[in-house]
Amino acid sequence: NALKLVVTGGAGYVGSVCTARLVEAGHQVTVVDDLSTGHADAVHPDARFIEGDAAEVAGSLLREGFDGVLHFAAKSLVGESMTAPSKYWEGNVVTSLRLLEAMQEHGTPRLVFSSTAATYGEPEQSPIPESAPTRPTNTYGATKLAIDHAITSFAGAHGLAAVSLRYFNVAGAYGAFGERHATETHLIPLVLQVASGDRERIQIFGDDYPTPDHTAIRDYIHVVDLADAHLLALKHATAGQHRIYNLGNGTGFSVLEVIEACREVTGHSIPAAVAPRRAGDPSVLVAASDRAREELGWKPERTELTGIVRDAWEFTQARRG
Ligand code: UFG
């Protein structure tokens, strides 16, 4: 049964892959994106595209009557969130609140929200379950957590069927849809820039972590597995409930393991140099995704690091032509 959906941020990395999977599953998708960080040509050709602000444009668009909203549009640079917090409270929290109000006003029944592992901060236990304390260590995570709380209130008060998906480290690509940030801070695309010859070497931020090879460990989830969790979330969303799910591939990989996988896939030597730790980086972030498996019937299928890197590398090479 096809749904009529609004996707905010559908010109961005995760939003564009999700839009592609939704369209291919037969849903009718309208993308709203202000193109502040997204790209118009990243919107799937079979989706309708409206350029504009998620709160204003998507808000008034909901008048047309939609089955749900997938809300990806956000500011998402951790470092910038610490130096320009207003941009994050305004762009993430205020925008999401306006969107929630518009959904309520127009009776839009379902919401799937892009939350983040950054809501947990430095973890006490690993892997991290959804019941872990939420103590974000940066403004980005704080704004996403604030929105999660607002969604809980709206579900309780107004019957919204809501799901927040807490992404761990999203990676990989889906054919022509992938990561194309003007300001790139993420490990895998930066390493692939070295393999492409656009960057001289990769910096390893810290080799004094309490991990087996002393570099930080993250849970890299393939963007297609992540997108498919959104389709399941739409299906399982229940009126009056706000469910929260961690999404990771279940295995952590160290910075050195990522660099090694990139060497294997690209055949490039990828020079690396140790640099100081990046402020606020926890040593290990790995998701316990059991709840998503049990309640959504989700199972990540693209869990091998080399496969994830290969898809990102094919995307990178195709874009360079
Ligand atoms: N790293 C390097 N060198 C680099 C870039 C990154 O060593 O040039 C390291 C980082 O220190 C970290 C790991 O590679 O240990 C992964 O870093 P990313 O920047 O790719 O990802 P993060 O784990 O910092 O960030 C991710 C999401 C954020 C989210 C955060 C916390 O991208 O949106 O997890 O959940 F906020």
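Which strand is Asn246 found in? Select residues 242-247 and you have the answer: that's strand 11, and Asn246 is part of it. Keep in mind as you click around that this is a predicted model.

**Stop one: Asn246**

Now pick Asn246 by itself. With a relative accessible area of 0%, Asn246 counts as buried, because the cut-off for that word is under 20%. Next, show Ile128 as well. A polar atom in the side chain of Asn246 sits 2.8 Å from the backbone oxygen of Ile128. To see more of the company Asn246 keeps, skip its neighbours within four places in sequence and add some of its other contacts, including Tyr120, Arg166, Phe168 and Ser289.

**Stop two: the ligand**

Time to move over to the ligand. There are 21 residues around the ligand, and the ones that come nearest are His186, Gln203, Arg218, Arg278 and Asp281. Select Asp281 and look for the N or O atom of its side chain that is 2.6 Å from a ligand oxygen. Then try His186, where a polar side-chain atom lies 2.8 Å from an oxygen atom of the ligand. For Ala118, turn on the backbone: one of its N or O atoms there is 3.1 Å from a ligand oxygen.

Switch on a surface next. On its own, the ligand has 690 Å² of accessible area, and the protein covers 91% of that.

**Stop three: the shell**

Colour helix 6 (187-196) and strand 8 (202-205), the elements that give two or more residues to the shell around the ligand. Which of the elements gives the most to that shell? It's strand 8, with four residues. Finally, colour the shell by residue type: you'll find 13 nonpolar, five polar and three charged residues.

Notes:
Residues are numbered from 1 along each chain as its sequence is written. This is a predicted model: local features need pLDDT of at least 70, side-chain atom pairs count only at pLDDT 80 or more; totals for chains, interfaces and linings use all residues. Side-chain values use heavy atoms; hydrogens and water are left out. A residue is near a molecule or strand if one of its heavy atoms lies within 4 Å of it. A polar contact is a pair of N or O atoms within 3.5 Å; within protein, one must be able to donate a hydrogen and the other to accept it, and residues adjacent in sequence count only if both atoms are side-chain atoms. Accessible areas come from the Shrake-Rupley method with a 1.4 Å probe; for residues, only the protein chains shown count as cover. Ala, Val, Leu, Ile, Met, Phe, Trp, Tyr, Cys and Pro count as nonpolar, Asp, Glu, Lys and Arg as charged, and the others, Gly among them, as polar. Buried means under 20% relative accessible area, exposed over 50%, partly exposed in between (1.4 Å probe, protein chains only). Contact means heavy atoms within 4.5 Å.
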